[in-house]
Every structure is written in structure tokens, then in C-alpha cells.
Amino acid sequence: MANSKLSDAVLVKFYVEGDEDALATLIKRHQSKIYGFIYSKIQDRDICDDIFQDTFLKVIKTLKSKSYNEEGKFLPWVMRIAHNLVIDHYRNSKKMPFQRDSEEFSIFSILKDVTLSVENQIITEQIAVDLKKMIEKLPEDQKEVIMLRFYHDLSFREISEQTGVSINTALGRMRYAILNIRKVVAKHKIILTH
């Protein structure tokens, strides 16, 4: 299929213009990563299937309403939708205490240890908020690599493909981003551990 060689952004454009095959190509291209992410959080095939389908229903709805504007960041955008649906699943199933979720703080940071004390949860949340503020102040190219690596679980190869730079450049940007964050931490004597 000729579509398989096109970029995500071009396929999104084609789909919005009425080419249904373009969406099929996008789903096929990214399904293992998206499904793998959902499964890593849920580990129940039936629920994963439901969330995977719901993810793409939201994708279709957004694309059809022409309100998609992620400009070439298709996979991170879809991963964010999947992430939010997983959180909704946990909230709705009441398997865990309710915790405010936002871009600054993800529920998955406490899923591994639900025995964390309330105090530790507050400290963990504040650290996440502080760190996000520091990331926001980084140069755009460094911020992008940090977000894709730590917030979207992409490998450096995937980051390289998404951003159109070499793996070495992506690694370099990550290194500079971490050095910049360390400088801010040292300057303000912020303690990032507890």
C-alpha cells in the first residue's frame, strides 16, 4: 500500500479529507505500541481491547470534527488519549483511591505502591509539579525529547523518527536537558528526592 510510506501528518490530512484507508494505515503502524502501553497498565486483555477501541473512537471523533491540531505529533497525542482512558478506567472501577490527575502528575506514579502515605503522595506530587515547571523552561528541542522519553515512553529510535533528527542528536538534547535541570536544582537548592 502506497500509504505505508507516508508520514503520520500526511496520513492524518488524507483521512480528514475522506481517505478511510489512511486511518487504517495509522492504526496498523502504531497499534502494537499503543496496545502495549495500555496492556502494561491494565493487564486484562478484554479491558485492553475496549480501551484500545475507545482510544481510536476518540481519535476518529476528533479528526472528523477537524479539531486536531497536534501538527505531526500524532503518536504522542494518541498515547495521551489512551493514558487518560486508562486513568478513567481506574477511577470508574474504584480499585484505587481517587487522585487528581493532570499533566503535572500522573496516577501511574503511585499505582505501584498504593501504600504510600498521604504525606508522601503530596511530596511526590509537588516534586512532579516542580519538575514539570523546570521542563517547561527548557529550550523547545530539549523539552520535546524529555516529554517524548519520560511522559510518552518512547525509545530514542522512536524519538529520532518523530523529530526527524539522528539518535545521537536526540541523546545530546536529552543530556543537555538533564544538565540544565541540574543547574536549576543546584541554583535553587531544590531537593528532588524524599
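**Exercise 1. Overall layout**

What pattern does the protein chain follow when read along the sequence? Work from this predicted model.

*Solution.*
Step 1. Count the elements: the protein chain has nine helices and zero strands.
Step 2. Put them in order along the sequence, which gives α-α-α-α-α-α-α-α-α.
Step 3. Turn to burial. The protein chain has 194 residues, of which 38% count as buried.
Step 4. Turn to contacts. Taking the contacts with a separation of 6 or more, 49% are between residues 24 or more positions apart.

**Exercise 2. The packing of α2 and α3**

Determine how helix α2 and helix α3 are oriented to each other, and list the residues that make the contact.

*Solution.*
Step 1. Locate the helices: α2 covers residues 20-42 and α3 covers residues 45-64.
Step 2. Take the geometry. The two axes lie 10 Å apart, and the packing angle is about 140°.
Step 3. Classify the angle. Roughly antiparallel requires an angle over 145 degrees, and roughly perpendicular runs from 65 to 115. The angle of about 140° falls in neither class, and α2 and α3 are therefore oblique to each other.
Step 4. Assign the handedness: the crossing of α2 past α3 is right-handed.
Step 5. List the contact residues. α2 contributes Glu20, Leu23, Ile27, Gln31, Ile34, Tyr35, Ile38, Tyr39 and Ile42. From α3 come Arg45, Ile47, Cys48, Asp49, Ile51, Phe52, Thr55, Phe56, Val59, Ile60, Leu63 and Lys64.
Step 6. Sort them by class: the contact of α2 with α3 holds 15 nonpolar, two polar and four charged residues.

**Exercise 3. The packing of α1 and α3**

Determine the orientation of helix α1 (residues 8-16) to α3.

*Solution.*
Step 1. Take the geometry: the axes of α1 and α3 come within 9 Å and cross at roughly 70°.
Step 2. Classify the angle. The range for roughly perpendicular is 65 to 115 degrees, and α1 and α3 are therefore roughly perpendicular to each other.
Step 3. Assign the handedness: α1 passes α3 in a right-handed crossing.
Step 4. List the residues in contact. Val12, Tyr15 and Val16 of α1 meet Ile60, Leu63 and Lys64 of α3.
Step 5. Sort them by class: five are nonpolar, none is polar and one is charged.
Step 6. Compare the lists for α3. Ile60, Leu63 and Lys64 of α3 appear here and also in the contact with α2.

**Exercise 4. Two residues of the N-terminal helices and their loop**

Is His30 buried or exposed, and how does Asp19 count?

*Solution.*
Step 1. Place the residues. His30 is in helix α2, while Asp19 is in the loop between α1 and α2.
Step 2. Apply the cut-off to His30. Buried means under 20% relative accessible area; His30 has 9%, so His30 is buried.
Step 3. Apply the cut-off to Asp19. Its relative accessibility is 25%, so Asp19 counts as partly exposed.
Step 4. Find the contacts, leaving aside residues up to four places away in sequence. His30 touches Asp8, Phe74 and Leu75. Asp19 is in contact with Asn3 and Phe14.

**Exercise 5. Helix α4**

Check the span of helix α4 (residues 74-93) and describe its burial.

*Solution.*
Step 1. α4 has 20 residues, and 28 Å is expected at 1.5 Å a residue.
Step 2. From first C-alpha to last, α4 reaches 29 Å, which is close to that expectation.
Step 3. Of the 20 residues of α4, 14 are buried, and the helix is mostly covered.

**Exercise 6. Helix α7 and its surroundings**

Describe α7 (residues 140-151), one of its buried residues, and its packing with α8 (residues 156-163).

*Solution.*
Step 1. The 12 residues of α7 reach 15 Å from first C-alpha to last, close to the expected 16 Å.
Step 2. The buried residues in α7 are Gln142, Lys143, Val145, Ile146, Met147 and Leu148.
Step 3. Gln142 has a relative accessible area of 10%. Beyond residues up to four places away in sequence, Gln142 touches Arg173, Tyr176, Ala177 and Asn180.
Step 4. Just after α7, Asp153 takes a positive phi of about 55°.
Step 5. α7 and α8 pack at about 135°, with axes 10 Å apart, and are therefore oblique to each other. The crossing is right-handed.
Step 6. Glu144, Val145, Leu148 and Arg149 in α7 meet Phe156, Ile159, Gln162 and Thr163 in α8. By class, this contact has four nonpolar, two polar and two charged residues.

Definitions and conventions. Residues are numbered from 1 along each chain as its sequence is written. This is a predicted model: local features need pLDDT of at least 70, side-chain atom pairs count only at pLDDT 80 or more; totals for chains, interfaces and linings use all residues. Side-chain values use heavy atoms; hydrogens and water are left out. Helices (H or I, at least four residues) and strands (E, at least two) are DSSP runs, numbered from the N terminus. The expected span of a helix is 1.5 Å times one less than its number of residues. Buried means under 20% relative accessible area, exposed over 50%, partly exposed in between (1.4 Å probe, protein chains only). Axes are lines fitted to C-alpha atoms, for helices over the stretch in contact, and angles run from 0 to 180 degrees between N-to-C directions. Angles under 35 degrees count as roughly parallel, over 145 as roughly antiparallel, 65 to 115 as roughly perpendicular and the rest as oblique. A crossing is left-handed if the near helix is turned anticlockwise from the far one by less than a right angle, and right-handed if clockwise. Contact means heavy atoms within 4.5 Å. Ala, Val, Leu, Ile, Met, Phe, Trp, Tyr, Cys and Pro count as nonpolar, Asp, Glu, Lys and Arg as charged, and the others, Gly among them, as polar.
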